[in-house]
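Please open the model in your viewer and keep the sequence panel beside it, so that each selection can be found in both places. The tour below goes from stop to stop, telling you what to select and what is there.

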Amino acid sequence: MEIVMATTYTPQVSGTGFKARIQKIGGYLAGMVMPNIGALIAWGLITALFIPVGWIPNENLAQLVDPMIKYLLPVLIGYTGGRMVHGQRGAVVGAVATFGVVVGAEVPMFLGAMIIGPLTAYVLKLFDSVIEGKVRPGFEMLIDNFSAGIIGGAFAILGKLTIGPIVEGITKAAGNGVDWLLAHSLMPLVSVLVEPAKVLFMNNAINHGVFSPLGVQQVQEQGKSILFMIESNPGPGLGLLAAYLFFGPKSLRPSAPAAMIIHFLGGIHEIYFPYVLMKPRLILAMIAGGMAGVATFMITGTGTVASPAPGSIFAFAAVTAKDGYLGMILGVTIAALVTFGVASLLLGFGRLKSDQELDAAEEEVATEAEIPHERATESELAHQRATESEVAHQRATESEVAHQRGAETEIPHQRTSEETGTSRKENA
């Protein structure tokens with residue numbers, strides 16, 4: 001099943017191992033979500049402004065919130081997923097099929113859209129490959145439209161009857177688990193599962209497929225939700241990159257500041273995933289930071305009214321509940337500090353023998369690469385000087401030749417003058 005990535009936010013994954021397969025799946029899921037971040041931001045801003053606990057409560061405009069999260073956003077995800085698999089035809093049938101899973105569902109069907117959109121497009125792609133070259137001229141449009149309509153409609157029915165209820169059941173079970181963790185003050189333990197899954201590029205599936213539907217329900221009941229803040233907290237990633245900046249291998253330190261800006265201000269968490277995958281033990285630092293952040297959010301009672309998308313500090317501030325700013329700032333800061341401390345310890349505060357050996361090896365390679373370059377430069381200079389010397393010698397030779405020719409020209413002229421003088425004397 002060949003899928004064209006629809007985003008540049010997730011790096012291409014190479015390899016065939018289990019980790020590589022998980023990363024590829026995560027990359028595909030991210031490819032469905034990332035192009036629609038603008039729509040998520042629009043929904044988040046409308047929610048933060050106009051719901052009853054928002055900044056500008058407005059009952060009329062608040063009516064936009066529910067249809068957008070339940071219908072518009074899942075359909076966009078299904079559309080994008082279908083487009084990744086089979087272009088525009090796949091996008092159309094993906095959107096049609098997604099509508100089958102969202103109608104009548106009590107929770108937003110992000111996860112259902114991520115499943116049924118690409119699946120429907122893939123079936124249409126198989127059908128197109130089977131009939132390719134077998135359709136009589138003049139019937140192409142008829143076959144294309146009817147095949148898309150039949151397959152899209154069939155999967156919409158399938159989604160309504162089977163996929164939708166299954167995903168809804170999974171979401172409700174996850175919701176019951178979250179309620180149990182909240183009731184027993186064990187919510188920080190979620191980070192044990194979330195942080196490892198994030199670095200395998202499953203972050204969008206977790207946030208928008210699991211936490212967002214549950215968070216929407218909590219916002220309707222309580223006016224805010226901590227669930228939106230678990231996966232999207234930019235604190236742990238900031239702490240990790242800061243640890244790399246001060247104590248990571250010297251070859252990686254220069255890249256850390258730019259990554260920190262892209263992650264913390266831009267909200268692109270995927271930028272720090274490779275840093276964890278290079279040293280898998282650092283996942284312990286991410287878990288510790290994530291748990292510290294969630295614990296702080298719980299203790300302060302903070303929450304957001306919508307999903308911070310992307311996971312930027314600016315997005316966090318835009319959708320934080322009116323009474324939750326102190327808790328939000330504390331949670332992000334503490335998560336960053338804890339991650340920085342644990343990651344620095346795991347990096348040996350820059351004194352790990354393996355990293356020092358790596359730095360020494362890279363410096364040696366760089367030195368060896370510079371020596372031929374220096375030799376080549378010296379050779380070029382010597383060659384240039386030799387060339388200049390030859391040019392100067394050649395010019396001197398030409399000058400001597402010209403002078404000699406001039407002298408040879410003057411001798412006949414002098415003889416002619418002498419002969420003319422002699423002739424005049426004789427005539428006189």
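Select Glu-168 and Lys-172 to begin, and you will find that both residues lie in helix H5, four residues apart, which is about one turn of the helix. In this predicted model, their side chains form a salt bridge, in which the closest N and O atoms are 4.0 Å apart. The two partners can also be described by how much of their surface is accessible: Glu-168 is buried, because its relative accessible area is 14% and buried means under 20%. Lys-172, in contrast, has a relative accessible area of 40% and is partly exposed.

**Other salt bridges**

How many salt bridges does the structure hold? There are four, and two others are worth selecting now.

Choose Arg-89 and Asp-128, whose side chains meet in a salt bridge with an N to O distance of 3.0 Å. Arg-89 belongs to helix H3 and Asp-128 to helix H4 (residues 110–131), so this pair ties together parts that are 39 residues apart in sequence. Colour the two by accessibility if your viewer allows it: Arg-89 is partly exposed, with a relative accessible area of 23%, while Asp-128 counts as buried at 14% relative accessibility.

Next, select Lys-224 together with Asp-323, a pair that forms a salt bridge with its closest N and O atoms 3.5 Å apart. Lys-224 sits in the loop between H6 and H7, and Asp-323 sits in the loop between helix H12 (313–319) and helix H13 (325–346), so the pair ties together parts that are 99 residues apart in sequence. Asp-323 is exposed, since its relative accessible area is 61% and exposed means over 50%.

**A buried residue in helix H3**

Return to helix H3, which covers residues 65–102, and select Ala-91 within it. Is Ala-91 buried or exposed? Ala-91 is buried, with a relative accessible area of 0%. If you add Ile-77 to the selection and ask the viewer for a distance, the C-alpha atoms of Ala-91 and Ile-77 are separated by 9.6 Å, although the two residues are 14 residues apart along the chain.

**The largest pocket**

Now select Ala-174, Gly-177, Val-178, Leu-181, Val-190, Leu-193, Val-194, Ala-197, Ile-206, Val-210 and Phe-211, the residues that line the largest pocket. The space in this pocket comes to about 240 Å³. Helix H5 (140–183), where the tour began, and helix H6 (191–222) each supply at least two residues of the lining, and H6 gives the most, with six residues. What kinds of residue make up this lining? Ten are nonpolar, one is polar and none is charged.

**The largest cavity**

A search of the whole structure finds one cavity of 30 Å³ or more, and the largest cavity holds about 130 Å³ of space. To find this cavity, select Asn-203, Asn-204, Gly-267, Pro-310 and Gly-311, which lie nearest its centre among the 15 residues of its lining. H6 and helix H7 (228–232) each supply at least two residues of the lining of the cavity, and the largest share, four residues, comes from H6. The lining of the cavity divides into five nonpolar, eight polar and two charged residues.

**A nonpolar patch on the surface**

Switch to a surface display and select Ile-41, Leu-45, Leu-49, Trp-55 and Ile-56, which form a nonpolar patch on the surface with about 430 Å² of accessible area together. Leu-45 is a useful member to centre on: its place is in helix H2 (residues 37–50), and it counts as partly exposed at 40% relative accessibility.

**The whole protein**

Finally, clear the selection and display the entire protein as a cartoon. What does the secondary structure of the protein come to? It comes to 14 helices and zero strands, and, read along the sequence, the protein accordingly shows an α for each element in its pattern. Of the 428 residues in the protein, 44% are buried, and Ala-91, which you selected earlier, is one of the buried residues.

Technical notes: Residues are numbered from 1 along each chain as its sequence is written. This is a predicted model: local features need pLDDT of at least 70, side-chain atom pairs count only at pLDDT 80 or more; totals for chains, interfaces and linings use all residues. Side-chain values use heavy atoms; hydrogens and water are left out. Patches are made of residues with over 30% relative accessible area and no salt bridge: like charges are joined within 9 Å, nonpolar side chains (Val, Leu, Ile, Met, Phe, Trp, Tyr) within 5 Å. Accessible areas come from the Shrake-Rupley method with a 1.4 Å probe; for residues, only the protein chains shown count as cover. Buried means under 20% relative accessible area, exposed over 50%, partly exposed in between (1.4 Å probe, protein chains only). On a 1 Å grid over the protein atoms alone, a cavity is a set of points where a 1.4 Å probe fits but cannot get out, and a pocket is an open set with protein on both sides within 12 Å along at least five of seven lines; lining residues have an atom within 4 Å of a point. Grid points are joined across faces, edges and corners, and a volume is the space filled by probe spheres set on the points. Ala, Val, Leu, Ile, Met, Phe, Trp, Tyr, Cys and Pro count as nonpolar, Asp, Glu, Lys and Arg as charged, and the others, Gly among them, as polar.
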